[in-house]
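Q: Got a minute to look at a two-chain model with me? I'd like to go through how the chains meet.

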Amino acid sequence: MHADSEFVARDPAAHPPALTPIYKTSVFRAPHRPLLSLQNSLSEVTGPAFGQHELGPLDNDLVRNYAQAGGAPVGERIIVHGRVLDGSARPVPGVLVEFWQANAGGRYRHRNDNYDAPIDPNFGGCGRCLTDAEGRYAFRTVKPGPYPYRNRVNDWRPAHIHFSVFGSGFAQRLITQMYFEGDPLIRHDSILQTVPDPAAQQRLVALLDLNASVPLHTLAYRWDIVLRGGRSTLFENRLQGN
Amino acid sequence: MIPHDTLGYLPETPSQTAGPYVHIGLIPKQAGFDIFANNLGEALFGPDTEGERIRIEGRIFDGTGALVRDALVEIWQADAHGRFDHPADRQPGPRDAGFRGWGRTGTDFETGLWAFETIKPGRIAGRSGHGRMAPHISLWIVARGINLGLATRLYFGDEAEANAEDPVLRIVEQPDRRRTLIATPSLRDGGTVYTFDIRLQGDNETVFFDI
Ligand SMILES: [Fe+3]
């Protein structure tokens, strides 16, 4: 393994701690012992790669990928786009980005979701794409609705889209959630508040991007994702001469 | 968009829980519907894949001892030669071109069981200056109530000699904790099944890594 394949350690201040009593489910699912720090080996700097041939042509269009013939999902059509970058501000090209969400009424097409809002027969609620050479991703969907969930009695999730991102190595693997600028539920959200740093919380909020909108048709939101960066190997490679 | 620090580095995007409906996006069949022509991560090997076919399976327990029945589990592993399907693996020698080494599944909503049919990986070069690693499979677990994906490793109970030399197992100081990383082999229908239960919390809490 070449030293330049290694990733910098995750910044714990950027992420929620495992134990966050405001999000009650974490209390019995959070490890109590400290994580054991591991210098990267081949098992961490490597990771799976995916090809365009593994995806379908409509996988990044949630407006059409589950719609019945002649049908369309109810809701506000939006484009969500942005870039996947690493901590050194370099694009992460060719990686799989997956997303899932509730429909416009806040209901998931999931056997365990029993929220009393209608299932949309034309909406599946999931999609995926690969980033391009500049690390860009984009997909079309409808804006998800907020929904209540069992935590505190009156907890509601702000509108959000779940994201799963692969990097170039398994150590960069990330699952997170994207929120929408201006949503009044954001400041009440127990899940977002598991992230202690307000500036880090803001990095999960997508901004309205009128320039990327399609006039008379579709609004757009922009959200960039930053994965851990690679290590700078100036010292090991050049100063030590190995 | 994202302000960088004074050295030009960008801060990481925070992790958030995968939530109770992670299946929709990543394993929609388990959520209860069919949408993609190709579901990623279901099959690890094809007819030509080299190596011994094995099954790995287990359950995940929370701090009260209850089953975690809504988790997503991903695995990443080397091929039978101990090589990864990735350009950072510059080890010399053969590699099985037909093996990606990545799988994904969910714990069963009723039984809490997760399982993969895969092949036993070979031994893998360690970091420079370290001995070879024992055969192992990397696991990554996300679920409702887990704020940042949990990384651990499955080692094989019938590889005592290699395990004793493994540079990662060796940094786990307490022998009892090291045992949480070792899967127990048994025979079933003529094949080997390795059982690997994961405890998120408590006396036998699994060792999780900050990788
Ligand atoms: Fe959600």
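Q: How many salt bridges are there between chain A and chain B?
A: The count is 7 between chain A and chain B. Keep in mind that this is a predicted model.

Q: Okay, which residue of chain A does E74(B) form a salt bridge with?
A: That's R173(A), and the closest N and O atoms of the pair are 2.7 Å apart.

Q: And polar contacts, how many residue pairs between the two chains?
A: For chain A and chain B the count is 47 residue pairs, both residues at pLDDT 80 or more.

Q: Which element gives the largest share of the side of chain A that touches chain B?
A: β9(A) does, with 5 residues.

Q: What's the split of nonpolar, polar and charged residues on that side of chain A?
A: You get 44 nonpolar, 28 polar and 20 charged residues on the side of chain A that touches chain B.

Q: Switching to the whole contact: how many residues does each chain put in?
A: Chain A supplies 92 residues and chain B supplies 79.

Q: How much area do they bury between them?
A: About 7700 Å², with 59% of it on carbon and sulfur atoms.

Q: Now strands. Which strand of chain B does β1(A) pair with?
A: Strand β10 of chain B, residues 209–210. The two run in the parallel sense, and the pairing covers 2 bridges.

Q: What stands opposite S37(A) there?
A: D210(B), which sits in β10(B).

Key. Residues are numbered from 1 along each chain as its sequence is written. Chains are lettered from A and ligands numbered from 1 in the order in which they are written. This is a predicted model: local features need pLDDT of at least 70, side-chain atom pairs count only at pLDDT 80 or more; totals for chains, interfaces and linings use all residues. Side-chain values use heavy atoms; hydrogens and water are left out. Contact means heavy atoms within 4.5 Å. Buried area is the accessible area (1.4 Å probe) that two parts lose on being put together, summed over both. A salt bridge is a side-chain nitrogen of Lys or Arg within 4 Å of a carboxyl oxygen of Asp or Glu. A polar contact is a pair of N or O atoms within 3.5 Å; within protein, one must be able to donate a hydrogen and the other to accept it, and residues adjacent in sequence count only if both atoms are side-chain atoms. Helices (H or I, at least four residues) and strands (E, at least two) are DSSP runs, numbered from the N terminus. Ala, Val, Leu, Ile, Met, Phe, Trp, Tyr, Cys and Pro count as nonpolar, Asp, Glu, Lys and Arg as charged, and the others, Gly among them, as polar. Two strands pair if DSSP finds at least two bridges between them.
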